[in-house]
Amino acid sequence: MKGTYIIGIAAAIVYVVTHIMYLAGFFDGEGYISSLQNGAWRSIVCGAAQIDPRPLQLLHTRYGGSLLLNQAQKYNPRARPCWVYVARAQKARALLAELSPHLIVKRGEAMAALAYQESLTNGRQGHQLTEQEASTRNKLLDNWDEVRDNARTAYSIKEAGVIALLSMI
């Protein structure tokens, strides 16, 4: 009886880890990390959009946030309905914290976004920032922007190299 219980727990752990790794791969390819300006505060926002709602439902169930149906066919009759998942602030933080160890493409950006969000969480929200706090947050934002720009440049260079190699064949 005890062995059955242990096997059940192990199977549950494998199931959860498999889902997290699947969500990380999905998010790495289809997701985005951005920021939302709200007055003097800027918080992280992440999400994804696609026609099949199932992966987005998994993200929504695990991390919360919003799952909406974008009715694009109102404007374009040939467009198919598209599902959109969005997580903001602490929900986005939870998503990135759990998925970032498994990300490949977006890992650097996720880590930079998490560092910035932590500065908000550990800071003095609703209070006047000291010069040092403001400076630290600005540096974290600059780092996040730099990581994002470098990731785009690296991708473009790799893509150009692959295209050049394929053209030689």
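Mentor: Helices here are DSSP runs of H or I with at least four residues, and strands are DSSP runs of E with at least two, both numbered from the N terminus. The model is predicted.

Trainee: How many helices and strands does the protein chain have?

Mentor: From the N terminus on, the order of elements is α-β-β-α-β-β-α-α-α. The totals for the protein chain are 5 helices and 4 strands.

Trainee: In what order do the strands stand in the sheet?

Mentor: Strands of a sheet pair through backbone hydrogen bonds, either parallel or antiparallel. In this open sheet the pairing is antiparallel. β1 and β2 share 8 bridges, β2 and β4 are joined by 6, and β3 and β4 by 5. The order of the 4 strands is therefore β1-β2-β4-β3.

Trainee: Which strands stand at the edges of the sheet?

Mentor: The order is β1-β2-β4-β3. A strand with a single partner has one side left without a neighbour in the sheet, so the edges are held by β1 (31-38) and β3 (66-70).

Trainee: Which residue is the bridge partner of G47 in β4?

Mentor: β2 (41-50) contains G47, and β2 runs antiparallel to β4. In β4, the partner of G47 is V86.

Trainee: At about what angle does α2 run to β4?

Mentor: α2 lies across β2, β3 and β4. α3 also packs on the sheet, touching β1, β2 and β4, with its direction at about 65 degrees to that of β2. For α2 and β4, the angle is about 25 degrees.

Trainee: Within what arc do the buried residues of α2 fall, seen down its axis?

Mentor: An α-helix has 3.6 residues a turn, so residues three or four places apart point the same way. In α2, P55, L56, L59 and Y63 are buried, whereas the face turned away from them carries the exposed residues R54 and T61. The buried residues line one face of the helix because they fall within an arc of 100 degrees.

Trainee: Which element supplies the largest share of the largest nonpolar core?

Mentor: The core has 27 residues, and F27, L59, L95, L96, L99 and W144 touch the most other members. At least two residues each come from α1, β2, α2, β4, α3, α4 and α5. The largest share is 6 residues, and the element supplying them is α4.

Trainee: Which residues does W144 touch, not counting those up to four places away in sequence?

Mentor: W144 is one of the core residues that touch the most other members. Contact here means heavy atoms within 4.5 Å. With residues up to four places away left out, the list is I33, S34, S35, I44, E109, A112, A113 and Y116.

Trainee: Is S100 buried or exposed?

Mentor: S100 sits in the loop between α3 (89-99) and α4 (107-121). Not counting residues up to four places away in sequence, S100 touches R107, A110, M111 and L114. Its relative accessible area is 5%, and the cut-off for burial is under 20%, so S100 is buried.

Trainee: What share of the residues in the protein chain is buried?

Mentor: The accessible surface comes to about 11,100 Å², with 60% of it on carbon and sulfur atoms. Of the 169 residues in the protein chain, the buried share is 27%.

Key. Residues are numbered from 1 along each chain as its sequence is written. This is a predicted model: local features need pLDDT of at least 70, side-chain atom pairs count only at pLDDT 80 or more; totals for chains, interfaces and linings use all residues. Side-chain values use heavy atoms; hydrogens and water are left out. Buried means under 20% relative accessible area, exposed over 50%, partly exposed in between (1.4 Å probe, protein chains only). A nonpolar core is a set of buried Ala, Val, Leu, Ile, Met, Phe, Trp, Tyr and Cys residues joined through side-chain atoms within 4.5 Å. Accessible areas come from the Shrake-Rupley method with a 1.4 Å probe; for residues, only the protein chains shown count as cover. The arc is that of the directions from the helix axis to the C-beta atoms. Two strands pair if DSSP finds at least two bridges between them. Axes are lines fitted to C-alpha atoms, for helices over the stretch in contact, and angles run from 0 to 180 degrees between N-to-C directions.
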